[in-house]
Amino acid sequence: MRKKEELNSIIEICPVRNVIARFGNKWALLVVLVISEHEVVRFNELCRLIPDVSSRVLSGTLKTLEADGLLSRTVYPTVPPKVEYQLTETGRSLVPLIAQLTEWAQTNMKKIVEHRKEFEAQEEA
């Protein structure tokens, strides 16, 4: 399920780029945080908790996180099938780092927005 541009690239052999590239999807970190807050979450519950994401994108994000071993997927043999997601130990170990990144973003967002406006004004001049 890798993108063509990732094949035979430096991303495959560089651990940092390899892992960080998987979070290029803007939803991955949010999904990890939401699941961490609820421990065990069903797909439709995730859709309600993250209303901006489409079902297709959420499904792809969950598959990527599962492929990386950050979450586990449990399917129960019921009709309709019941599917639950929860973070693995590796996924849980990521949560404090996401929290730090979130705190950094909240602390610095005002400055960043100001710099963006200044930059855009200089570009227009």
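Here's a quick briefing on the core, one helix pair and a few backbone details of this structure. Keep in mind that this is a predicted model. Its largest nonpolar core has 23 residues, and helix H3 (28-38) gives the most to that core, with five residues. H3 also meets helix H6 (89-124), and the two axes cross at roughly 115°.

**The core**

- Inside the 23-residue core, the residues with the most contacts are Ile 35, Leu 46, Leu 62 and Leu 65.
- Two or more residues each come from H3, helix H4 (43-49), helix H5 (55-67), strand S3 (82-87) and H6.
- H3 tops that list as a contributor, giving five residues.
- Take Leu 46 as a way in: leaving aside residues up to four places away in sequence, Leu 46 touches Val 34, Ile 35, Val 41, Leu 58, Leu 62 and Tyr 85.

**H3 against H6**

- The axes of these two helices come within 10 Å, crossing at roughly 115°.
- Angles of 65 to 115 degrees count as roughly perpendicular, so H3 and H6 are roughly perpendicular to each other.
- As for handedness, the H3 and H6 crossing is left-handed.
- On the H3 side, the contact is made by Leu 29, Val 32, Leu 33 and Ser 36.
- H6 brings Gly 91, Val 95, Ile 98, Leu 101 and Thr 102 to the contact.
- Sort the residues of this contact by type and you get six nonpolar, three polar and no charged.

**Prolines to look at**

- Pro 96 sits in helix H6.
- Pro 96 is partly exposed, at 48% relative accessible area.
- Pro 96 and Leu 33 are 63 residues apart along the chain, yet 9.6 Å separates their C-alpha atoms. Leu 33 is one of the H3 residues in the contact with H6.
- Pro 80 is a separate story: a cis peptide bond joins Val 79 to Pro 80, with omega about -5°.
- You'll find Pro 80 in the loop between strand S2 (71-76) and S3, and S3 is among the elements giving two or more residues to the core.

**A positive phi at Glu 39**

- Glu 39 isn't a glycine, but its phi is positive all the same, near 65°.
- Glu 39 lies in the loop between H3 and strand S1 (40-42).
- With a relative accessible area of 61%, Glu 39 is exposed.

Conventions. Residues are numbered from 1 along each chain as its sequence is written. This is a predicted model: local features need pLDDT of at least 70, side-chain atom pairs count only at pLDDT 80 or more; totals for chains, interfaces and linings use all residues. Side-chain values use heavy atoms; hydrogens and water are left out. A nonpolar core is a set of buried Ala, Val, Leu, Ile, Met, Phe, Trp, Tyr and Cys residues joined through side-chain atoms within 4.5 Å. Buried means under 20% relative accessible area, exposed over 50%, partly exposed in between (1.4 Å probe, protein chains only). Helices (H or I, at least four residues) and strands (E, at least two) are DSSP runs, numbered from the N terminus. Contact means heavy atoms within 4.5 Å. Axes are lines fitted to C-alpha atoms, for helices over the stretch in contact, and angles run from 0 to 180 degrees between N-to-C directions. Angles under 35 degrees count as roughly parallel, over 145 as roughly antiparallel, 65 to 115 as roughly perpendicular and the rest as oblique. A crossing is left-handed if the near helix is turned anticlockwise from the far one by less than a right angle, and right-handed if clockwise. Ala, Val, Leu, Ile, Met, Phe, Trp, Tyr, Cys and Pro count as nonpolar, Asp, Glu, Lys and Arg as charged, and the others, Gly among them, as polar.
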